Amino acid sequence: MRGRVRSSAYALGAALAALLLAAIWTGPARAAGETITFFSSHVSVQRDGSVRVTETITVKCRGRLVRQGIRREFPARYVTRLGQELRLRIRVRQVLRNGEEETFTLVRGSDETVLATGRQGELLEWGEHTYTLVYEADRQVAHHERLDELFWPVTGYGWELIIDQAEAVVELPVLAGIQDAGAYTGSQGAGGRDFHMEYDAGGNPVFVTTRRIYPGDGLSVRLTWPKGFVIRPDFMTRTFYSLRNHFFVYVAALLLLVSLWRLRVRLRGAEPSQVRLSPALADLAAHGCLTEASALGALIGLAQARALRIDAGGNGLTLAKGERSPVDGLGPGQDRWQWFGLAEFGTGLFARGSEVPLQGPSTALARALNLLERAARKDLGRKIRAVLRLRELYAAPWLVVACLGLSATEPWFGVGVALALAGAIVLGYGVVGWFFRSWGRVLRNRPGSLLSALAASAILVPVVSGGLVGGWFFVQEFSWIAYLLFAGAMGGTMWLPWRWARHKVLRGPQAEAAIAGLRREFAGAEYQDRPLWESSLGIAVYAPVLGMLDAGTRELAEGVARALGAEPRSTA
């Protein structure tokens with residue numbers, strides 16, 4: 001007896017679960033009895049490749065999903081069975097309900113276009129209503145090499161109502177013989193065959209579904225016919241449609257070209273004063289790193305500034321602290337470019353003692369040369385920014401990387417999102433730089449800088465937050481892998497304008513002119529017949545890099561080379 005009761009309980013539970021699943025499966029629309037009892041579409045293909053569609057939709061209203069009217073969703077873009085992407089941009093000509101004009105609104109989005117009928121606040125009467133939608137869409141015929149194709153999403157895939165039966169009639173231009181015809185049911189991209197096809201009295205194919213179409217599913221038809229019956233748009237028409245469909249991408253590409261042009265103009269128009277080379281930078285330009293020539297030039301400069309004393313005793317050369325500190329300022333006859341980096345060099349040289357012998361390898365001299373190279377690279381960065389002037393232009397090649405298109409199925413949309421993100425990064429970078437520069441001037445009590453700092457602060461928050469939000473949407477639209485690849489590609493191309501400007505600074509025509517001027521200035525200078533470090537000629541700090549040493553300085557040059565572990569060079 002207990003076993004029978006338990007079996008009955010199991011059977012009752014299974015029945016209740018089945019009823020619950022059935023209720024969930026059919027959804028609220030079916031439970032309320034709201035359905036589209038008949039969906040009829042007449043598609044007329046025009047000679048120019050556009051289509052004129054008349055849809056007759058009979059809907060049963062019960063006040064749940066259908067309250068003010070129907071909501072017809074059109075995909076913004078779709079892909080034909082032969083792989084060509086088409087955009088669907090409709091123009092509504094007429095909307096009728098039960099034979100009378102009906103109010104409607106049309107909302108265009110990036111993914112879909114929504115046609116909503118009815119007035120706000122006015123509810124439909126319960127019962128059946130028949131809607132007639134008449135609209136047109138241009139460029140819906142895909143032109144292939146040997147044939148033309150129409151792939152049309154008859155019902156779309158956005159209905160929340162069940163469609164009891166759908167029918168589509170396709171009318172081709174006169175004498176266009178159908179080469180292939182077919183239809184597909186189910187979700188978008190599916191290949192369901194729940195339909196039958198026949199021909200009407202005019203020879204037009206008629207597709208009728210043989211089962212209900214549930215929410216998320218739809219009916220699509222496909223026809224192909226020989227070329228020549230539909231006119232392929234000419235070049236100007238295709239250009240117009242391309243500009244209209246991808247307007248944002250073309251604007252971004254135009255901004256990219258303008259940015260690159262401005263960058264080129266700025267680099268070509270750089271003044272020699274912007275690329276004035278210090279002795280260390282001249283050595284960096286010649287060898288890619290600092291050599292003993294830079295150390296020798298720094299010693300000559302410190303000696304001329306009386307911050308260093310060179311003693312030539314019986315045990316060889318010894319470097320000793322002078323009467324002045326290396327950070328006191330310029331030496332006699334030296335300008336700020338000649339003096340650049342010598343304070344760091346002298347500080348590192350005497351960091352652990354007041355004397356440095358040059359009899360053998362010297363860690364103090366090597367440490368001082370490293371500090372000088374670090375200062376020279378900072379100076380190089382400042383000069384590159386002086387040539388570029390606008391930090392935003394550093395990121396111009398990022399836009400080139402964005403044009404790779406990060407979405408395989410929707411490449412133009414991927415290009416647009418990538419360009420928008422790159423533009424947000426460029427703008428954010430410029431605003432952040434403006435913010436710090438402005439408040440730096442305020443801290444240095446520069447007149448008139450407070451207003452600029454406040455403006456930069458007011459713009460910083462929305463720009464940076466907008467860039468972060470754009471990056472978040474970018475990640476949501478694609479994937480973390482695509483985002484990392486994009487960020488890595490942008491980071492990898494940052495060196496392009498930097499290398500361009502670096503070439504201008506170190507080896508461009510302005511730098512060559514500066515070095516040639518130094519050679520002429522040094523060759524034309526007069527100094528006494530004694531070592532360069534004992535003269536008051538400030539330009540002598542360039543002599544080792546230019547290879548223009550006198551006999552008295554060669555002994556010091558050989559000592560510096562031995563102290564740095566390099567082979568002594570013969571300089572003339």
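## Close-up views of a predicted model

**Figure 1. Helix α4 and the glycine that comes after it.** Gly 288 follows α4 and has a positive phi, near 85 degrees. Like everything shown in these legends, this view comes from a predicted model. The helix itself spans residues 279-287, and seven of its nine residues are buried, so α4 is largely enclosed by the rest of the structure. If you would like to pick out the buried residues, look for Pro 279, Ala 280, Leu 281, Ala 282, Asp 283, Leu 284 and Ala 285.

**Figure 2. Helix α5 against helix α16.** Here α5 (residues 292-304) packs with α16 (residues 551-563), their axes 9 Å apart and at an angle of about 125 degrees. The two helices are therefore oblique to each other, and α5 passes α16 in a right-handed crossing. On the α5 side, the contact is made by Glu 292, Ala 295, Leu 296, Leu 299 and Ile 300. Facing them from α16 are Thr 553, Leu 556, Ala 557, Val 560 and Ala 561. Sorted by character, the residues of this contact are eight nonpolar, one polar and one charged. A helical rule is handy when you look at these residue numbers: an α-helix has 3.6 residues a turn, so residues three or four places apart point the same way.

**Figure 3. Helix α5 again, now with helix α7.** The axes of α5 and α7 (residues 342-349) come within 10 Å and cross at roughly 95 degrees. An angle from 65 to 115 degrees counts as roughly perpendicular, and α5 and α7 are therefore described as roughly perpendicular to each other. From α5, the residues to find are Ala 295, Ala 298, Leu 299, Gly 301 and Leu 302. They meet Leu 342, Phe 345, Gly 346 and Leu 349 in α7. This contact divides into seven nonpolar residues, two polar and no charged. Do look back at the previous view for Ala 295 and Leu 299, which also take part in the contact of α5 with α16.

**Figure 4. Ser 40 and its polar partner.** Strand β1 (residues 35-45) holds Ser 40. With a relative accessibility of 16%, Ser 40 counts as buried, because the cut-off for buried is under 20%. The side chains of Ser 40 and Glu 167 are joined by a polar contact of 3.5 Å. Setting aside residues up to four places away in sequence, Ser 40 touches Thr 54, Glu 55, Thr 56 and Glu 167.

**Figure 5. Thr 117 reaching a backbone nitrogen.** Thr 117 lies in strand β9 (residues 112-117). Its relative accessible area is 5%, and Thr 117 is buried. The side chain of Thr 117 reaches the backbone nitrogen of Ile 70 at 2.9 Å. Beyond residues up to four places away in sequence, Thr 117 touches Gln 68, Gly 69, Ile 70, Val 95, Glu 102, Thr 103, Phe 104 and Tyr 131.

**Figure 6. Trp 126, an exposed loop residue.** This tryptophan, Trp 126, sits in the loop between β9 and β10 (127-137). At 61% relative accessibility, Trp 126 counts as exposed. Trp 126 and Cys 61 are 65 residues apart in sequence, while their C-alpha atoms are 5.1 Å apart in space. Apart from neighbours within four places in sequence, Trp 126 is in contact with Cys 61, Arg 62 and Gly 63.

**Figure 7. The whole protein, for orientation.** The protein has 16 helices and 21 strands. Of its 572 residues, 45% count as buried. Among contacts with a separation of 6 or more, 71% come from residues 24 or more positions apart.

Notes
Residues are numbered from 1 along each chain as its sequence is written. This is a predicted model: local features need pLDDT of at least 70, side-chain atom pairs count only at pLDDT 80 or more; totals for chains, interfaces and linings use all residues. Side-chain values use heavy atoms; hydrogens and water are left out. Axes are lines fitted to C-alpha atoms, for helices over the stretch in contact, and angles run from 0 to 180 degrees between N-to-C directions. Helices (H or I, at least four residues) and strands (E, at least two) are DSSP runs, numbered from the N terminus. Angles under 35 degrees count as roughly parallel, over 145 as roughly antiparallel, 65 to 115 as roughly perpendicular and the rest as oblique. A crossing is left-handed if the near helix is turned anticlockwise from the far one by less than a right angle, and right-handed if clockwise. Contact means heavy atoms within 4.5 Å. Ala, Val, Leu, Ile, Met, Phe, Trp, Tyr, Cys and Pro count as nonpolar, Asp, Glu, Lys and Arg as charged, and the others, Gly among them, as polar. Buried means under 20% relative accessible area, exposed over 50%, partly exposed in between (1.4 Å probe, protein chains only). A polar contact is a pair of N or O atoms within 3.5 Å; within protein, one must be able to donate a hydrogen and the other to accept it, and residues adjacent in sequence count only if both atoms are side-chain atoms.
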